[in-house]
Amino acid sequence: MMQLEHIGIAVADAQKAQDLFDRLLGKSVYRKETVETEQVTTYFYDAGTTKLELLVASEEASVINKFIEKRGEGIHHLAFEVSDIHQEVQRLKVEGFIFINEVPKAGADNKLICFLHPKSTNGVLVELCQSIVSS
């Protein structure tokens, strides 16, 4: 079963965006994390039944910068939590979906992640994520 886990929002100015969402939600970020492999710094808000993830480029060549240059700030992706990311990748491949990365990798907020290409999801970047269980 898939459940909306978070909505990723690309922003150019982390402090300005945090100020806005702090006021909007009446709370502060609960987690800040840089994901070097994605060249992004993430800021997570608990927004009730889902989370908001602010995405800020940590490097000039980041895909977040490219996204903002092309489309401006705003919703970048929808992330869906799955119980078995490897099984879900296989299921969705059979259904004809195209992946940006079929092999899950470590992402922010203690998750394994992979992305479906927007060409196969009606123009929406979709992230699959699964919590990493610590032993």
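In which sense do strand β6 and β7 pair, and over how many bridges? In this predicted model, strand β6 (residues 105-107) pairs with β7 in the antiparallel sense, and the pairing runs over three bridges. Within this pair, Gly 107 lies opposite Lys 111 of β7. Three residues separate the two strands in their hairpin, where Asp 109 adopts a positive phi near 60 degrees.

Strand β7 also pairs with strand β8 (residues 126-131), again in the antiparallel sense, over six bridges. Here Ile 113 of β7 is placed opposite Cys 129 in β8. Strand β7 spans residues 111-116, and five of its six residues are buried, so the strand is largely enclosed by the rest of the structure. The cut-off for a buried residue is under 20% relative accessible area.

These strands belong to an open sheet of eight strands, arranged in the order β2-β3-β4-β1-β5-β8-β7-β6 with mixed pairing. Strands of a sheet pair through backbone hydrogen bonds, either parallel or antiparallel. The edges of the sheet are occupied by β2 (31-35) and β6; each has a single partner strand, so one side of each is left without a neighbour in the sheet. From one strand to the next, the twist averages 35 degrees.

At the β2 edge, the partner is strand β3 (residues 40-46), and the two pair in the antiparallel sense over five bridges. Val 35 has Val 40 in β3 as its bridge partner.

How values were computed:
Residues numbered from 1 in each chain as written. Predicted model: local features only at pLDDT ≥ 70, side-chain atom pairs only at ≥ 80, totals over all residues. Heavy atoms only, no water. Buried < 20%, exposed > 50% of the residue type's maximum accessible area, 1.4 Å probe, protein only. Helix = DSSP H or I, 4+ residues; strand = E, 2+ residues; numbered from the N terminus. Pairing = 2+ DSSP bridges. Axes fitted to C-alpha atoms, helices over the stretch in contact; angles between N-to-C directions.
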